[in-house]
Every structure is written in C-alpha cells, then in structure tokens.
Amino acid sequence: MQIGDSGFGIREISFPISNLRTSSFYDPGMPLEIYDEAILRRALHHAGAYLRELPDRPVAPRATRDELMQALDVPLTEEGEGDTAVLDSMAACASRGTMATAGPRFFGFVIGGSLPVTVATDWLLSAWDQNTGIYVASPIVAVLEDIASGWLLDLLRLPSESSVGFTTGGQMSNFTCLAAARHAVLRNAGWNVEENGLNGAPKINIVLSAEAHITIYVSLRYLGLGTKAILIPTDEQGRMRADELRKTLARLSGPTIVCAQAGNVNTGSFDPLREIATATHEHGAWLHVDGAFGLWAAASRRKRPLIDGVELADSWATDAHKWLNVPYDCGVAIVRDSAAHRASMTSSAAYLEQTSGKERDSLDWVPEFSRRGRGVTVYTALRTLGRLGVEDLVDRLCDRAKQMADLLQRDDRVQILNDVVLNQVLVRFGDDQRTREVITRVQQDGTCWLGGTTWKNQAAMRVSVSNWATTEEDIERSAEAILRSIGR
Ligand SMILES: *Cc1c(COP(=O)(O)O)cnc(C)c1O
C-alpha cells in the first residue's frame, strides 16, 4: 500500500481493488483516493446555495411528483455515473422539491430547523463513519454521547442517576421508555418479560391521557401491549385531569403504566405532572412522560413552572431534532431505573466484546444495533449554546408564538383557541370551511407554511414556532400573509 500526495492536497492510496469493485467504471489499476475532497466541496457549494436562497423562496415545494420523477428517475446504468453529475442533478431539484423546513417561516407540525454548527457536526460525523453500537467500535462517539447525556439531565433537571439513549426520534424514545416500564412493572410482579414474553404474563394496565400522542399507541403496539388503553379525560386545554386519574387508579390492581404529556401537540399545554406523579406512585405504578418538545420548558426559568414535578416521573421521551434544532434524526430516551432500561434493550453476543465498566455501549440503551452517533450533534448544540443559549432558544420561540397570536388576534375574523403557553397557536377563522380554505390559501401563497388540525371537534390552523432562525420580522410577514388569505 502506498500513500502519496496527488499534488492537489488530496492524499491518494493505491491498492488492488478489483476484488472490491466489479463495475468497469473502476479501473482496477486506478488509484482510489482515500476521499475525494472535490466532491465534499461540491456538497458544501450546493448546501450554501440552498441555504442562502431559503429565506426568500416559497416555503412549500413547487415541484410535482411527476416533475421530480422526470428529473431524477434516470435509467440505472451498468457503469455508473460520475459522482459530480449525480450530486449536481439532485441539487438542481432541491429548492423546488424540498419543503423549506430548514427556513424561518415553516410552522407546520412540530419541526425544528438545524443550528448551523449541528449541520457541520453531522457532516463531520458522516466523514468519521462511526458504528457506535459498542464502545470499542467508536470510543469518541461513546464519550461525546456520555457527556451530552449528563448535560441533558442537568439542563432538563432530571434525576442524575437516569440513563440516556439517543434514538431516532420521539416515537422510538417512547418505545424505549415503555419497554423499560414493561420490564420493571412485570419484574415487580415476579415475571421476566425478556425471557418469557407476554404469553401467560400478568396483565399490565395501560393508563393514558385521552390526548396521548399517536406514537404512544404505536409504541404500545410494538411492545405487544396493544392500543386498547384506559383513557383519562382531559380539560379544555388538553391537560389530563389528575382527579380522574386518581379515580381510575383506585379501581385498578396489578402492574400499571401511566403515560402523561408535557407539551400537547395542538395546544402546547402540560399535564399537571406533580399531581399525576403523586397519584401514580401512591399506586405503585410507573409514570412515563412524553415531552417530545415540551420537556425543553425545563431549560427556561420563565417556562419551568409549566413542567413542575416532571422530575418525579420514571421515564421521559424527548426530541433533540425538534426544539434543540439538530438535524434529523435525534430523539432522547431517559429512564430513572437504568437497570430496567438496560435489561429491556441490551443484547450480547460472543463476538461483540462489550465493555463491562463505565464505557457506553449504546446497544444497551436503544433499539438499534449498528447506529449513527446521533448524540454528537446534541453535544455541539449544547456546548455552543451554553445554558443561557438553550434558555434563550426556548424563550425566543415562545415569544414568537405569542407575537403571532397577538398579531392575528387584532383581526376580529380570527379566534385563538388555546392559551398560548408555549410555542403552539391554534387559530380559527369563523367556521370549519373558512378555516380550511385559509389554510390552503396560506400554503399556496408560499410566504409561510402551516397545517390544519381538529381541536374539540372544530377545524383549526396550527402554528408551531420551532425554528431557531425565525425572527420577529418573519412572524410579521407570516401574520400578514395569513390575514391576507382570509379574503372577503
Ligand atoms: C413529535 C412528537 C412525537 C414523535 O416524535 P418523532 O420524533 O416524530 O418520532 C411524540 N410525541 C409528541 C408529543 C410529539 O410532538
């Protein structure tokens, strides 16, 4: 093997590759560059062009599926195409084929943008190409994820003994936490669910807020617990009623898991977590909190009262790709009883050489085996923002949501349906039909993008301010576009 300099600052390595590549595009005698910096620079160029255009382009994608197929569905060649040509042809479709979720005026669902340093981190991570399932395969990622875990527990004010897994998102975080819960409540009933499964196991009572997110149901399905749960009624903001929970728990016996919510996906409201935790623990049950975006309220002194008592729960699911604004995909599963967490996720095999000490083997904490070191973007986000930066990110997006509600509310054709306590605003324009029409017109107008929902049997427009880049001016422009779209 020879390593030399190509004269362009690119190091070359040559070795026989005929056994690796059979395609004739690759001349077996041709030196294979360790990496092609030119292609990385090309990606940088395209990314820069995309991001520069972002604040001014229409937010919605303009290309139809047919147009994208026409441009991209080329015949798969025998020899392959040049990498530059392939990259260029995709990039040429980007501004018409993407939803501008990375930009400052996308308010649909709950979708954060990406802080620039986290995009850069993601690129670096791809260059490192680490498989982070076990410590020995990537010490640096294991260490970075350990540090990020500690910082997260600190910022979110959760018990320091908790274990943390970096999953692909909120759904898999809910799944992971509920797997740990399933292990623990059955262990306490003398049943080893990992060995014996659910056949013949004691029945587990599943108690949910009637407003539980759909991914809680999906997780229950994956775990063999089924979706037919006991539902606790909620109040007018979608908060679980603690008095109703108490009544229900009083009727139940045996292993029980309760799921509460921090951050309702429509209203942004918080369940009364302290009361719920007290009632749940008096009953000897497990409390899980789905805080996909709402858990971040703990990082803000102003918003912290909303989430009072959250630290009393047993497990917490959140996303870093929402409020923390790191690239997809990055969720966080946090479990107080780390033994239950590990027991529900771990795998072992003779060839794995897992460590037994304090080194992180990530396969102990998440459903994935081979995986990307997704916690690394959390490390750079938190380290560059600092405590005050994270707090500012939380406060700023809440302020922008309030600004939006205030601007819209000045118009008497607009009703704001929720208490705007966080980053979510529910808007209605008289009746269902008018509301749906306004949503469609706003989406077509392109100044901003937001979606619809049904809240308490009424059609509503949902505004979720989740992007670090959204300015006051973006909110003004968007509010104008929304009011313009009411028409007549
Ligand atoms: C977004 C969300 C989820 C799901 O998270 P993903 O990252 O999309 O898997 C779960 N619960 C709530 C409350 C959410 O807002």
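These notebook entries record what I looked up in this structure, which is a predicted model.

**Entry 1: the ligand**

I began with the ligand and asked which residues surround it. I found 13 residues around the ligand, and the closest are Gly-170, Gln-171, Asp-290, Asp-319 and Lys-322. Sorted by class, this shell consists of three nonpolar, seven polar and three charged residues.

I then looked up polar contacts made by side chains. His-321 has a polar side-chain atom 2.8 Å from an oxygen atom of the ligand. For Lys-322, an N or O atom of the side chain is 2.9 Å from a ligand oxygen atom. A nitrogen atom of the ligand is 3.4 Å from an N or O atom in the side chain of His-213. How much of the ligand's accessible area does the protein cover? On its own the ligand has 380 Å² of accessible area, and the protein covers 83% of that.

**Entry 2: Ser-173**

I turned next to helix H6, which spans residues 170-188 and contains Ser-173. Is Ser-173 buried or exposed? I noted it as buried, because its relative accessibility is 0% and the cut-off for buried is under 20%. Leaving aside residues up to four places away in sequence, Ser-173 touches Thr-167, Ala-317, Thr-318, Gly-331, Val-332 and Ala-333.

**Entry 3: Leu-287 and its strand**

I located Leu-287 in strand E8, which covers residues 286-290. Leu-287 has a relative accessibility of 1% and therefore counts as buried. I also looked up its separation from Cys-177: the two residues are 110 residues apart in sequence, and their C-alpha atoms are 10.0 Å apart in space.

Which residues does Leu-287 touch, not counting those up to four places away in sequence? I listed Val-258, Ala-260, Ile-276, Ala-277, Thr-280, His-281, Ala-313, Asp-314 and Ser-315.

**Entry 4: Val-258 and the nonpolar cores**

I followed the contact from Leu-287 to Val-258. Val-258 is among the residues with the most contacts inside the largest nonpolar core, together with Leu-245, Trp-323, Val-378, Val-427, Met-461 and Ile-482. This core has 83 residues. Helix H12 (residues 376-409) supplies the largest share of this core, 15 residues. Apart from this core I found another, of 29 residues, including Met-172, Val-193, Ile-204 and Leu-220.

I also recorded the contacts of Val-258 beyond four places in sequence; among them are Val-207, Met-240, Leu-245, Leu-249, Ile-276 and Trp-286.

**Entry 5: two loop residues**

Where is Val-59 found? I located Val-59 in the loop between helix H1 (37-53) and helix H2 (65-72). With a relative accessible area of 3%, Val-59 is buried. Val-59 and Met-99 are 40 residues apart in sequence, while their C-alpha atoms are 6.1 Å apart in space. Met-99 is also one of the residues that Val-59 touches, as are Thr-98, Ala-100, Arg-105, Phe-106, Gly-446, Thr-447, Cys-448 and Trp-449.

My last residue was Ser-138, placed in the loop between helix H4 (116-128) and helix H5 (139-155). Ser-138 is buried, since its relative accessible area is 1%. Beyond four places in sequence, Ser-138 touches Gln-130, Asn-131 and Thr-132.

Technical notes:
Residues are numbered from 1 along each chain as its sequence is written. This is a predicted model: local features need pLDDT of at least 70, side-chain atom pairs count only at pLDDT 80 or more; totals for chains, interfaces and linings use all residues. Side-chain values use heavy atoms; hydrogens and water are left out. A residue is near a molecule or strand if one of its heavy atoms lies within 4 Å of it. A polar contact is a pair of N or O atoms within 3.5 Å; within protein, one must be able to donate a hydrogen and the other to accept it, and residues adjacent in sequence count only if both atoms are side-chain atoms. Accessible areas come from the Shrake-Rupley method with a 1.4 Å probe; for residues, only the protein chains shown count as cover. Ala, Val, Leu, Ile, Met, Phe, Trp, Tyr, Cys and Pro count as nonpolar, Asp, Glu, Lys and Arg as charged, and the others, Gly among them, as polar. Helices (H or I, at least four residues) and strands (E, at least two) are DSSP runs, numbered from the N terminus. Buried means under 20% relative accessible area, exposed over 50%, partly exposed in between (1.4 Å probe, protein chains only). Contact means heavy atoms within 4.5 Å. A nonpolar core is a set of buried Ala, Val, Leu, Ile, Met, Phe, Trp, Tyr and Cys residues joined through side-chain atoms within 4.5 Å.
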